[in-house]
Amino acid sequence: MTRTPSSPSPTHTDSSATGLPADELARRRAGLVLGLGCYALWGFLPLVFQATAPAPSIEVLAHRILWSLVFTGILLVVARGFGSLRIALRDRRLVLTLGFASLLVGANWLVFLFGVEIGRVVDVSLGYFINPLITVLVGVFVLKDRLRPLQWTAMGIGTVAVLVISIGMGEVPWISLLLAGTFAFYGYIKSRVGGRVGALQSLMIETMWLTPIALTYVIVLAALGQGHFGTHGQWHTIVMLCLGPVTAIPLILFAGASSRVPLSWMGMMQYVAPTTQFIIGVTLLGEEMPPERWAGFFIVWLAIVVLTTDGVIAGRKKRRSDRATRAGGAAD
């Protein structure tokens with residue numbers, strides 16, 4: 001007997017362009033918007049930190065920690081997330097792990113702020129361009145991952161880029177390497193606790209670890225009459241208060257995006273932030289780009305193309321393998 005196929009429901013209709021169900025396509029579109037918004041906000045951070053002058057980077061860091069704690073607390077109240085926070089705080093191992101993560105992210109924030117303060121935003125952008133390469137190296141040395149040929153190629157090209165910039169500029173790009181290194185290890189630690197704690201709860205615990213140091217520093221500055229908060233006009237005070245939202249909001253957008261789109265999409269979108277920072281440094285802030293620095297950046301971008309190509313190929317192979325496995329299971 002011939003069966004007439006029934007019309008699929010709207011939520012399971014394949015998109016003619018992608019072959020994805022309509023509801024999944026909508027999720028991915030939303031994730032794309034959230035991801036681009038997250039990385040765009042991170043890209044414009046140098047302009048926010050520029051507006052905190054004349055406060056030095058370490059004072060801005062202290063206020064970023066304190067106002068992040070306050071803003072995250074407000075969000076947890078609105079989202080009724082303190083119950084989850086209490087559960088997380090009972091997990092001693094989790095709290096200690098996030099304590100170590102807080103040291104890494106605190107160091108990353110400080111180097112970022114210092115780079116902006118001394119007019120090295122292009123070096124900051126380079127750090128986040130090479131971060132995926134450093135992340136792969138962390139996988140090799142910490143997780144004992146085996147690199148694929150294209151990954152080895154990208155590592156070699158990235159090494160050449162750092163050497164070209166170092167020799168051409170007469171110094172190792174230490175700001176870039178510190179940013180990439182601290183963020184790569186921070187990402188590794190966060191991946192070890194992923195699923196055990198929410199994004200807001202994690203940020204809350206990390207800032208709680210850093211708050212005693214930050215608060216002590218701010219109090220001492222105020223007692224010595226050397227603090228800049230509230231002493232340089234209303235606009236400056238507003239910018240300092242906004243350090244909390246500009247820290248927490250991109251994190252929330254990132255969490256929303258990463259739960260809606262494939263990891264490969266996040267990998268490609270991450271370059272929005274350093275690209276934006278690079279453009280800001282060169283155009284708006286007028287940082288110099290001598291030929292040797294351009295050469296180094298072009299080599300880095302070549303490494304990124306190779307690494308991204310490898311990721312796309314590996315992702316396609318995995319999807320084909322997963323489909324074959326599901327098909328084999330259905331046949332059984």
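In this report, a residue is called buried at under 20% relative accessible area, exposed at over 50%, and partly exposed in between, using a 1.4 Å probe and protein chains only. The structure above is a predicted model, in which local features need pLDDT of at least 70 and side-chain atom pairs count only at pLDDT 80 or more, while totals for chains, interfaces and linings use all residues. Residues are numbered from 1 along each chain as its sequence is written, and side-chain values use heavy atoms, with hydrogens and water left out.

**The chain as a whole**

Let's start with the overall picture. The protein chain has 14 helices and zero strands; here helices (H or I, at least four residues) and strands (E, at least two) are DSSP runs, numbered from the N terminus. The C-alpha trace spans about 90 × 50 × 35 Å along its principal axes. Of the 332 residues, 40% count as buried. The chain exposes about 17700 Å², and carbon and sulfur atoms supply 67% of that area; accessible areas come from the Shrake-Rupley method with a 1.4 Å probe, and for residues only the protein chains shown count as cover. Among contacts with a separation of 6 or more, 83% come from residues 24 or more positions apart, where contact means heavy atoms within 4.5 Å.

**Two helices side by side**

Helix α5 (residues 92-117) packs against helix α6 (residues 121-141) at an angle of about 145°, and their axes are 7 Å apart. For these values, axes are lines fitted to C-alpha atoms, for helices over the stretch in contact, and angles run from 0 to 180 degrees between N-to-C directions. On the α5 side the contact involves N108, F112, G115 and V116, which meet V121, V124 and Y128 in α6. These residues divide into five nonpolar, two polar and no charged. In that count, Ala, Val, Leu, Ile, Met, Phe, Trp, Tyr, Cys and Pro are nonpolar, Asp, Glu, Lys and Arg are charged, and the others, Gly among them, are polar.

**Salt bridges**

Side chains of opposite charge can pair when their charged atoms come close. A salt bridge here is a side-chain nitrogen of Lys or Arg within 4 Å of a carboxyl oxygen of Asp or Glu, and by this rule the count comes to six. The table lists some of them.

| Pair | Closest N and O distance |
|---|---|
| D91 and R196 | 3.0 Å |
| R120 and D123 | 2.7 Å |
| K190 and E206 | 2.7 Å |

D91 forms its salt bridge with R196. D91 lies in the loop between α4 (82-89) and α5, and R196 in the loop between α8 and α9 (199-224), so the pair ties together parts that are 105 residues apart in sequence. Both ends can be placed by accessibility: D91 is partly exposed because its relative accessible area is 27%, and R196 counts as partly exposed at 41%.

R120 and D123, in contrast, are both buried. The salt bridge between K190 and E206 links distant parts of the chain, with K190 in helix α8 and E206 in helix α9, 16 residues apart. E206 has a relative accessible area of 2%, so E206 is buried. Salt bridges that share partners also join R120, D123, E171 and R293 into one network.

**A nonpolar patch**

On the surface, F114, I118, V172, W174, L177 and L178 make a nonpolar patch of about 470 Å². Patches are made of residues with over 30% relative accessible area and no salt bridge; like charges are joined within 9 Å, and nonpolar side chains (Val, Leu, Ile, Met, Phe, Trp, Tyr) within 5 Å. Which helix gives the most to the nonpolar patch? Helix α8 (residues 174-193) does, with three residues. L178 is found in helix α8, and with 39% relative accessibility L178 counts as partly exposed.

**Backbone details**

A few local points are worth a look. A cis peptide bond, with omega about 15°, joins A53 and P54, and P54 lies in the loop between α2 (45-50) and α3 (57-79). R80 is not a glycine, yet has a positive phi of about 55°. This residue, R80, is found in the loop between α3 and α4 and counts as exposed because its relative accessibility is 77%.

Finally, P245 lies in helix α11 (residues 243-258). The C-alpha atoms of P245 and R64 are separated by 9.3 Å, with their places 181 residues apart along the chain. Leaving aside neighbours within four places in sequence, P245 is in contact with F71 and P250.
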